[in-house]
Every structure is written in structure tokens, then in C-alpha cells.
Amino acid sequence: MTELNLTLKVWRQAGPDAPGSFDTIEAKGINDEMSFLEMLDIVNERLINDGKEAIVFDHDCREGICGTCSLMINGQAHGPQKGTATCQLHMRKFHDGQEIVIEPWRATAFPIVKDLMVDRSAFDRIVESGGFITAETGGASDANLTPIPKPVADAAMDAAACIGCGACVAACPNSAANLFTSAKVSHLNLLPQGQAERYSRVEAMVDTMEEFFGSCTNHGECQEACPKEISIDFIALMNKDYLKSKFKNRRMLSRR
Amino acid sequence: MELNSKIPDGPIAEKWTNYKFDRKLVNPANRRKYDIIVVGTGLAGGAAAATLGEQGYNVKAFTFHDSPRRAHSIAAQGGINAAKNYKGDGDSIYRLFYDTVKGGDFRAREANVYRLAEESVNIIDQATAQGVPFAREYGGLLDNRSFGGAQVSRTFYARGQTGQQLLLGVYSQLARQIGLGNVALYNRTELIDVVVVDGEAAGIVVRDLLTGEVTSHSAHAVVLATGGYSNVFFLSTNAMNCNVTAAWRAHRRGAAFANPCYTQIHPTCIPQSDEFQSKLTLMSESLRNDGRIWAPKSPDDNRPADQIPEDDRDYYLERRYPSFGNLAPRDVASRAALVEVSAGKGVGPLKNGVYLDFSDAINRLGEKVIEERYGNLFEMYERITDESPYKVPMRIYPAPHYTMGGLWVDYELMTTVPGLYATGEANFSDHGANRLGASALMQGLADGYFVLPNTISNYLAPKLGTTPIPTDHPEFQAAEAAANERFSGYLSIGGTRSPDHFHHELGQIMLTQCGMERTKEGLTQALADIPALHAEFKKDLRVTGDGESTNQTLEKAGRVDDFFELAQAMCLDALTREESCGGHFRAEHQTEEGEAQRDDEHFAHVAAWEWTGDPGKPIRNTEPLTFDNVHLAVRSYK
Amino acid sequence: MASTTVARGPASGGAQRAKRKAPFPVEFYRSALGKKYVMALTGIMLMGFVLLHMIGNLKMYLGPEEFNHYAEFLRELLVPILPRTVALWGMRLGLIAAFGLHIHSAYSLTRMNHAARTVKYQSPRDYAAANFASRTMRWTGIIVGLFLIWHLFDLSWTGTPGMTFVRGEAYQNVVSSLSRPVVAAFYVAANIALGIHLFHGAWSLFQSMGWNNPRFNVWRKNVAIAFAAIIVIGNVSFPLAVQFGIVHVN
């Protein structure tokens with residue numbers, strides 16, 4: 001166990017439309033076994049003890065699965081460790097005396113709520129427009145009726161692992177949400193159950209996505225930032241399905 | 001208070017079918033005339049809101065998260081039980097029912113558990129239809145694994161992320177209903193009070209977590225699906241924001257709170273590494289399929305794990321419970337770990353864990369197979385501890401994880417307040433004194449998809465033609481005023497200690513006195529200490545910031561305030577229940593071998609606590625439990 | 001783009017928006033994914049042009065007769081099916097359209113991307129994957145575009161100051177132009193910019209077109225590198241060859 005003395009530069013912003021700026025906060029005596037958010041907990045506890053307002057940041061499960069946590073840490077979404085959400089990032093990845101700059105996700109579609117907290121509702125809007133298989137409760141047939149080849153189930157699971165944290169958008173130089181959207185699309189479009197709505201799904205979800213986010217120019221930055229290491233191969237799959245949706249979807253599907 | 005469980009007549013296997021036929025229905029065209037509030041959007045709440053929306057009701061769904069997909073159901077790792085018997089190893093609805101009643105140490109209601117086992121098979125079908133990517137075999141059929149407390153393979157899973165995938169399934173269906181306009185979603189909105197008018201649930205008072213604005217919402221019925229209260233221990237596997245406020249506020253408005261002392265300590269969590277830690281991380285119980293649990297035989301053995309020879313290792317679960325071995329139920333496994341660590345045989349820098357060793361499994365199956373089964377769990381462990389479980393055994397220790405207790409509900413999942421329902425972990429109904437692994441997901445989804453949407457019409461049907469109580473009713477106005485006063489109160493105390501500080505201290509008391517092992521002295525002490533600490537909280541709390549914008553310190557203050565009152569009910573319940581059963585272990589009541597000793601003569605009942613206005617003096621009501629199908633027996637996993 | 005303030009109130013009924021109505025190619029092009037697709041397709045056309053242009057220019061090493069003969073061949077392509085220069089003009093028009101669409105889609109996507117992050121990060125970014133090529137596409141694109149205009153004036157239309165331009169005498173014009181050291185350096189620089197642009201573009205088009213298959217995915221980057229390298233090496237060799245006297249007017 002080592003003790004770290006750190007200098008934090010934390011973005012503080014009182015509200016969505018308020019101006020913001022970096023606040024320099026000394027974080028002394030941080031145990032390197034701590035997680036990054038535990039470090040922030042301690043900083044907050046000290047701020048409260050000093051009569052100051054605690055830093056607002058989103059967090060919940062702290063197991064890397066709920067996708068609530070965010071943070072741009074030293075210019076990297078979820079910090080320096082690959083495949084790791086901020087809540088699972090540990091202080092042993094930092095060194096004594098280091099300056100750590102913490103900024104909120106920045107995208108027009110993710111307005112800042114306060115300090116480091118942003119509103120990611122745009123993701124919900126994308127899912128609401130088509131990120132589902134219409135399967136009303138009670139009407140399902142036996143689960144083993146349709147065998148699904150293991151590689152297909154595995155590929156769907158790879159896509160479904162997305163935690164919706166928004167790191168892909170945050171990391172993308174264009175604030176594109178193609179990795180998120182393609183993960184949601186691919187999860188369902190790969191499975192036999194998802195075929196009926198395959199093309200209407202991709203069309204609706206992409207169109208909704210484009211109301212909020214930028215466009216993909218294939219930097220690949222999202223894949224590197226993704227705490228679940230979701231592959232940009234899914235973006236290609238979405239592109240292909242979107243093209244098909246426009247050129248094949250219309251009468252051809254019903255004519256067959 | 002009268003506790004009418006409304007269990008339908010007939011043989012156990014026909015009760016649910018009979019009920020569904022006998023209940024009153026609401027005609028599809030009339031459903032849009034009803035408003036229903038669902039609080040919480042995890043498995044139970046999200047599934048209920050989506051299904052009710054599909055059926056045609058007007059649903060308002062509330063979550064304090066930014067999105068329904070964040071609910072803590074998402075963190076469940078291992079799997080979900082279902083009596084599909086796809087493996088042909090002798091599973092059946094009756095066996096799942098039997099295992100669950102027995103696993104709950106005979107403190108659950110038989111009829112509810114049977115219904116749960118019946119619906120379990122539909123859940124798998126439903127989830128698969130929604131596109132939940134359950135693990136498959138090479139032939140394309142669904143794969144299963146085993147979990148604690150069962151000798152059949154009935155656990156369906158999606159890698160180590162089963163809860164996530166099931167919740168995303170629920171979320172997708174809920175999102176569809178939101179998109180269609182059948183459900184209105186209020187995010188980042190926290191329930192502050194439940195409003196009861198003329199003895200019936202009239203609506204809720206909520207606080208917008210972004211603006212601090214307090215508003216009221218009324219409906220024909222209110223469903224609480226707000227999860228459990230393990231965070232009363234401060235350190236638990238629950239998400240940071242899990243809290244008891246919704247259930248507790250309902251309790252204060254007349255809903256009885258059942259068996260608050262039934263808490264589950266999960267045996268396989270990563271041990272605490274320092275005193276500032278705020279959250280413990282669970283390692284799925286599924287690891288016990290292939291991992292062997294051991295501790296050194298001697299307390300003085302400080303050698304690294306790989307240098308301790310076989311002869312000096314004590315595989316204590318395999319030794320004490322030869323037939324179930326490492327797959328003993330959670331309460332049994334947890335207490336056994338406590339015994340080892342208390343005897344000084346703990347491992348790790350703080351000597352606060354035992355080993356979960358995969359070397360045998362890796363030798364037998366190869367690293368690749370183990371990686372396929374548990375790769376993501378191993379990675380998570382390594383990220384947290386900087387040790388690779390492929391090379392050194394994991395260190396694990398029990399941590400508070402799940403609460404079997406909760407709002408008392410009848411067979412219809414209605415609390416003692418008519419029109420107020422509780423589903424999922426928020427109610428008490430199905431797990432008795434101990435929950436078996438992979439059963440929480442099952443219960444949440446059964447309640448949300450299949451039970452509540454069927455039972456709620458029985459209450460709503462006679463209300464046809466009525467409109468919800470308007471929110472300018474004096475009861476709503478009074479509740480809103482009280483809520484505003486409550487939060488401005490926290491801000492104006494101006495003391496010296498943060499809500500977290502008090503929470504930490506409360507958690508210490510609860511872990512020591514009301515944790516894995518409870519004693520009369522300890523509980524009595526806790527019942528003196530908690531109110532004293534609560535009084536200090538009211539005098540010395542410090543909340544910085546304001547009440548008009550996002551203020552997580554203020555949110556926490558409200559939650560901790562309610563934990564203080566709940567903690568007293570837990571200790572009181574634990575003190576009154578003079579027996580050991582499941583997760584409730586009273587040191588005074590154990591066999592010579594150290595196993596839990598039940599007292600069926602005096603305690604084969606549900607204790608449902610009634611609010612009196614004084615958190616230290618609630619009234620204890622009982623609902624007797626009868627066991628017509630599974631005979632009361634000493635639970636043995638030997 | 002969505003607003004910058006946080007909307008409160010319930011979310012409900014969002015999926016019942018009016019659908020876009022237009023002929024499907026137009027509708028497709030209205031979407032960013034469609035624009036990327038068009039960008040990839042036009043990119044492929046332009047890549048084809050660049051490759052053939054470079055290969056054709058290699059004739060320079062065979063001397064003025066071969067080179068000018070090749071230029072004349074282009075004008076006489078498909079004669080007698082079509083009159084002289086018609087096929088060439090057809091190709092030119094196709095290229096002009098491809099350029100136009102390539103630039104228009106790039107322009108509108110860039111605007112969309114700017115609007116998607118109106119407030120930039122206030123601290124330096126630490127990129128893990130985005131490289132110089134991918135982040136400078138619009139600048140290398142502009143450089144190549146400006147170079148192209150200059151190149152047309154220089155060798156096709158009027159000639160530029162400091163050289164002797166004779167319409168139709170392609171070989172002489174090239175040598176005359178590239179004999180100027182500054183111009184030669186400019187050609188080298190512009191082709192390096194082109195190479196950088198091609199490197200990202202050639203890999204990126206696979207993604208945009210949805211050409212993704214585990215069997216050849218590992219080759220996509222290699223193909224892009226190889227293509228960019230071939231073009232740059234070929235094109236840069238011409239000014240160097242003139243400068244070093246390997247190619248000269250007798």
C-alpha cells in the first residue's frame with residue numbers, strides 16, 4: 001500500500017447554463033488500493049468538512065456494470081486503463097505527485113447537469129425508437145424452440161454487453177454515438193428473434209441517433225474508450241443493415 | 001392490524017390457476033381509464049410498468065436513476081433459476097418450489113413460492129423472445145449451470161452478466177412502451193412520500209433530483225419496486241444509491257414491514273481492503289461451481305497460498321457438508337467463513353478472507369474453459385485486487401447482499417394499504433429467511449411480468465368510473481409541505497458531520513450487532529446506540545450546497561435518516577425472533593455443531609411490524625405460516 | 001441538434017414522430033450514414049482515378065512519344081463508338097460529380113460534428129486510437145482540393161508562371177513545370193497530404209460500406225497502407241525524377 005499526494009483539477013459548473021471552470025483541489029494521503037471514485041468520496045468528505053459543496057458526479061453500482069459513472073480523466077474517457085469503467089479504475093494506476101484533470105463528458109446531446117454530471121437521456125430516446133423486439137408479455141413460445149448457434153449467441157452477447165455509459169460519445173472527436181447505437185442494433189439484429197423488425201429497427205434507431213449526435217468518421221477512438229471493449233465491427237454491421245433498410249426494406253420485404 | 005394473506009383455496013398446484021380465473025378483470029377498452037404509478041424501474045418495476053403499459057393502462061414510471069437501465073438488478077451476475085428441466089436431471093416445478101422453501105429455512109409462504117416456481121419457466125421463454133442472449137451450447141440450445149442449495153442444473157445465465165441482460169430485456173420492453181406513449185417515464189425523480197386518502201393509496205410525492213422541486217402524482221394504484229435495504233450496513237454489495245426510503249415511507253403511512261431482520265450475507269465478495277472503502281464487490285456465486293473454498297488449518301500459517309501443502313489446507317465446506325460441498329446455501333457458507341476468520345484463520349493482508357481456489361478446476365478443464373465461464377469475473381477481480389485468480393486463489397469474504405425482509409404483501413402483492421403494491425426485493429414474500437442463488441432475478445421478473453399484472457385488476461375493476469384523487473387534495477398538500485420542510489431541515493441544521501459519516505457509523509453498529517451473528521446483548525446495545533446516533537444526526541448533520549439544484553449530499557441525508565429508523569426495526573425484529581433461521585443467526589440458538597436452530601413451535605410465522613409513530617416501538621403482528629406440502633424439517637446440506 | 005439545457009418532465013410517446021418522406025436515394029443521402037456511404041463510394045471512384053492517373057503517368061519514364069501517345073489515347077477512347085474526347089469528358093464529368101459529392105458530404109458531416117460538440121473539452125485530449133490521418137482528413141482534403149485546382153491550371157489549362165506551356169504537349173509541360181524546384185517541392189508535399197488522406201480514407205471506406213468480415217478484417221488496414229504507399233511513391237517519383245534529371249526533354 002502506498003500513499004499518494006495528488007492535485008486534482010476538477011470541472012465545477014453550477015448548472016446546465018452556468019459558466020464552469022476548473023477548481024484545483026489537493027488530494028493528500030490517498031491509499032493506492034482505492035478506486036478512483038472512492039478517492040473522490042474522500043475528497044468530497046473533506047470538502048463537506050470544510051463547509052464546501054461536494055463535487056457532483058454520477059455513480060452507482062461501482063462494479064462496472066450499471067454504466068452510471070463517467071468522467072474524462074486526463075483527456076481519456078474512463079481514464080487510462082483499457083476496458084475499465086471509472087468505478088473500476090484504481091489509484092494504483094496513478095503516481096505520487098500526479099496532476100489529474102477531471103472533466104465531464106462533453107457533447108451537445110449530453111448537457112451538463114452540474115459539475116461532472118451529464119444528462120444522457122438521448123441514449124434512451126434511441127432505444128425507445130426501436131431498440132427492442134416486440135414481445136409482449138405472455139405470448140412467448142418455448143425458449144428452446146429456436147436453436148441459436150453458439151457463435152451467433154456469443155456475438156449478440158458481445159454487442160449486448162454495452163453498459164450505455166456514453167464513453168464512446170465522449171471519446172469520439174465527432175461526438176458520434178455510432179458505437180452505442182450499433183451495439184444495440186447488432187445485439188437484436190444478429191438474433192433470430194430480431195429478424196422481423198431488423199430493418200425498421202436500424203432505420204428508426206439511426207434516424208433518432210442522428211437527431212442528437214455527430215457522425216462516425218472511423219477514428220476508432222470509441223472502441224478504445226469502451227469499458228466493455230465493444231468492437232467497431234458492429235458499426236460496420238449497422239451501416240450495412242441501414243443501407244439494406246433503405247434499399248430493400250420498402251416493398252421488397254412484403255413482396256417476397 | 002389484520003394480516004389477510006388471501007391465499008386461494010385448493011391444492012398447491014392449482015391455487016394460482018384458480019386465482020387467475022376467479023379474479024376480477026378489467027376489459028381492454030376500459031384499461032386506459034386507469035392510472036397506475038410504478039416506482040422503480042429494475043426487473044420488478046420495469047417489467048410491471050412495461051406489461052401494464054402493453055395491457056393498456058396509463059402508467060407513470062419513476063426512477064431516481066438517469067435511465068431505467070441503471071437499476072441495481074443490472075449487477076446480478078450468476079443467473080436465473082427456472083424449472084425447465086432442459087438437462088433432464090429430475091428438475092420440476094415442485095422441486096424448485098421444494099428447494100426454495102427449504103432454502104428459505106421454512107419461513108416463506110408456500111403458495112407464493114409455488115407460484116414463483118410455476119412462473120419461472122415463463123420468464124425464460126419471455127426473456128428469450130425479447131432477445132436476451134442466454135448462454136447456449138454448441139447445439140444451439142440453452143445452457144444451464146448449478147447454484148447453491150440445489151442438486152440440479154437449473155440456472156440460466158448470460159456470461160457473468162445475467163442481471164444486466166435481463167434488465168436490458170426489461171428496459172427494451174419498457175422503452176418500447178415509453179416510445180408508444182403508454183408509459184410516461186420520470187427519471188432522476190425520487191419518491192419522498194406515499195399519500196393515503198381514506199385508507200387507500202392515492203399517490204406519491206416525489207422530488208426532482210435536478211431541481212429539488214417537490215411534486216405530487218396521483219393514481220388508482222401505486223406499485224413500489226424499490227429494491228432492498230442492505231445499504232443500511234453502509235458496506236454492502238448494493239449500489240451506492242440503493243436505499244429504503246420508498247419502502248420506509250410507505251411503512252410510515254401504514255404498510256406493515258415484514259421480517260426486517262432477514263438479511264442475506266453473500267459468501268463470495270472481495271474482502272475489504274481499507275477502512276475508507278464504501279462499496280464491496282460481489283463475485284458471483286457461480287464461481288463455487290468450479291472453485292474450492294479453503295482456509296489454512298492453522299491460524300499461524302502466514303505462507304502464501306501456493307506454498308501451503310494440501311495437508312495444511314482445510315476445505316471446510318467440503319468437510320462439513322459433504323453432499324453439497326462448495327455449493328452449500330449462502331447463509332451456511334457465509335457463517336462457515338465467519339467461523340474460520342473468527343478463529344484467526346483468515347487470509348490476506350488484513351486476515352479477513354478465505355480462499356476460493358481454481359487451481360484444481362484449471363488443471364482439470366484447462367485455463368481456456370475457465371476463462372470462458374468466468375473470464376469477466378476474473379478480470380474484475382484482478383482490476384480490483386491486482387491479483388490474477390488464474391495464478392493465486394481469490395480471496396473472498398461474506399458481505400451484506402440481499403434483504404429477504406420487506407413490505408408485507410398478501411398473495412396479490414398488495415401491502416396492508418389497499419391499492420399499494422410491493423414487488424421484487426422490496427416485498428418480503430418468497431424467500432423466507434434465506435434466498436437461494438439465482439432466485440432474486442426470478443422473483444423480480446415473476447412479480448413484474450406475471451403476478452402483479454394479473455392481480456392488480458382485482459383491485460382496479462371495482463374502481464371503474466372513478467378518477468384518482470386530485471393532487472390538490474389536503475393530504476397531498478400536507479405531504480408536499482412535509483417533504484419540503486424535511487429537506488430544508490437537513491440544510492439548516494448546520495452541524496459538523498456529513499451524512500456519509502453518520503451512515504458509516506450506523507453501518508458499523510449494524511454489521512457488528514445485527515450482521516452475520518446476533519446476540520441478545522448486542523441487539524439490546526444496538527437498540528440503545530441507534531436512537532442516540534440518530535438524535536446526533538438530527539443535531540449535528542452538515543449538508544453543504546442548496547436544495548434547488550443537484551445535491552447528492554442532501555439526497556444522501558434523506559436516505560440515511562430513513563435507514564436509522566429501519567435499523568431499529570431490524571434490531572427489534574432480530575431481538576424478538578428468538579431462534580436462528582436462514583440469514584438470521586442468533587448465537588443463543590444453535591446446535592452443538594454450530595448450525596442454526598429453528599423454533600418452529602414459536603416462530604413459524606411472519607413478523608409484520610406496524611408503524612406507531614415511534615421508530616423504537618412498532619407493533620409486532622404475526623401471520624402464521626403453514627407447511628402442508630414441504631414438511632418442516634431440520635435443514636441439512638450434509 | 002438537441003438543446004444544451006436539461007429537459008425535465010416525463011419522457012413519453014417519442015417514437016411516434018413523423019417519418020421523413022422523400023424518394024429513397026434522397027432520404028438515404030439526408031442521413032449521415034448515407035452521406036458516409038456516398039463518401040465511401042465516391043472515394044472509391046476517386047481512388048480508382050488516382051491509381052490510373054499514377055499508372056498512366058509512369059509512361060513518362062518511357063519517353064515523350066509513349067507519354068503523349070497515352071494522352072492521345074485517352075482522348076480517343078471508345079472511338080469510333082463515340083466521337084473523339086466524349087468518353088474522356090464522360091469520365092471527367094463523373095469525376096467532377098464524385099468530387100462534388102465527396103466534398104459536399106464531408107462539408108455537411110463536418111458541420112454536423114461541430115454542432116454535436118459546441119463546447120469543446122477544456123483540457124487536452126489523450127487520444128488512444130484516433131491518429132494524425134483520421135483527425136486531419138478535412139485539412140488534407142482541402143490541401144488536395146487546392147492542389148488539384150492548381151494542378152489543372154498548371155498542366156491542363158493555362159500553365160503557370162515560370163514554365164512554357166504548350167497545349168497538348170503533355171510531356172513537355174510536365175517536365176517544364178516540375179523543373180522548378182519550388183513547384184516540385186509543392187507536388188511532393190501535396191502528394192504526401194494525399195497519401196495521408198488516402199490512408200485513412202481507404203481503411204475507413206470498408207467500415208462505411210459495411211464491408212466487415214472476420215476473414216479479411218485484419219487486411220483492411222494493410223490494404224489501406226499499401227494503396228496509400230503505392231500512390232505516394234509513384235506520384236512523388238515524378239517531380240523527383242525531373243529534378244534529378246532522370247526524366248528530361250531531349
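Select chain A and look at its contacts. In this predicted model, residues 24 or more positions apart account for 70% of the contacts in chain A with a separation of 6 or more. Keep chain A selected and turn on the cartoon display. Its secondary structure comes to nine helices and seven strands. Along the principal axes, the C-alpha atoms of chain A fill a box of roughly 70 × 40 × 35 Å. Chain A has 256 residues, and 66% of them are buried.

Next, colour chain A by domain. The domain assignment gives domain 1 as residues 3–113 and domain 2 as residues 121–255. The centres of these two domains of chain A, taken over C-alpha atoms, are separated by 30 Å. Where they touch, domain 1 of chain A contributes 20 residues and domain 2 of chain A contributes 16 residues. Show the side chains on the domain 1 side of that contact: ten residues are nonpolar, eight are polar and two are charged.

Now add chain B to the view. How many residues of chain A are in contact with chain B? There are 68 of them, and they meet 65 residues of chain B. To find elements of chain A on this side, select α1 (36–49), β6 (112–114), α2 (121–130), α3 (150–160) and α5 (178–190); each gives two or more residues to the side that touches chain B. Which element of chain A gives the most? Helix α2(A) does, with six residues. Colour the side of chain A that touches chain B by residue class and you will find 28 nonpolar, 21 polar and 19 charged residues.

Hide chain A's side chains and go to residues 245–252 of chain B. This is helix α6(B), and seven of its eight residues are buried, so the helix is largely enclosed by the rest of the structure. To count as buried, a residue must have 20 or more other C-beta atoms within 10 Å of its own. Which residues of α6(B) are buried? Select B:Thr245, B:Ala246, B:Ala247, B:Trp248, B:Arg249, B:Ala250 and B:His251 to see them. Then step along the chain to B:Gly254, just after α6(B), where the backbone takes a positive phi of about 120°.

Stay on chain B and bring in chain C. Here eleven residues of chain B are in contact with nine residues of chain C. Two elements to select on the chain B side are α5 (162–180) and β5 (183–186), each of which supplies at least two residues. Strand β5(B) has the largest share of this side, with four residues. Of the chain B residues that touch chain C, seven are nonpolar, three are polar and one is charged.

The last stop is chain C by itself. What does its secondary structure consist of? Chain C comes to nine helices and zero strands. Follow the cartoon along the sequence and the pattern reads α-α-α-α-α-α-α-α-α. Rotate the view to take in the extent of chain C: along its principal axes, the C-alpha trace spans about 80 × 50 × 40 Å. Then colour chain C by burial. Of its 250 residues, 28% are buried. Finish with the contacts of chain C that have a separation of 6 or more: residues 24 or more positions apart account for 69% of them.

How values were computed
Residues numbered from 1 in each chain as written. Chains lettered and ligands numbered in written order. Contact = placed C-beta atoms within 7 Å. Nonpolar A, V, L, I, M, F, W, Y, C, P; charged D, E, K, R; others polar. Buried ≥ 20, exposed ≤ 12 C-beta atoms within 10 Å, placed from the backbone. Domains from an automatic or database assignment.
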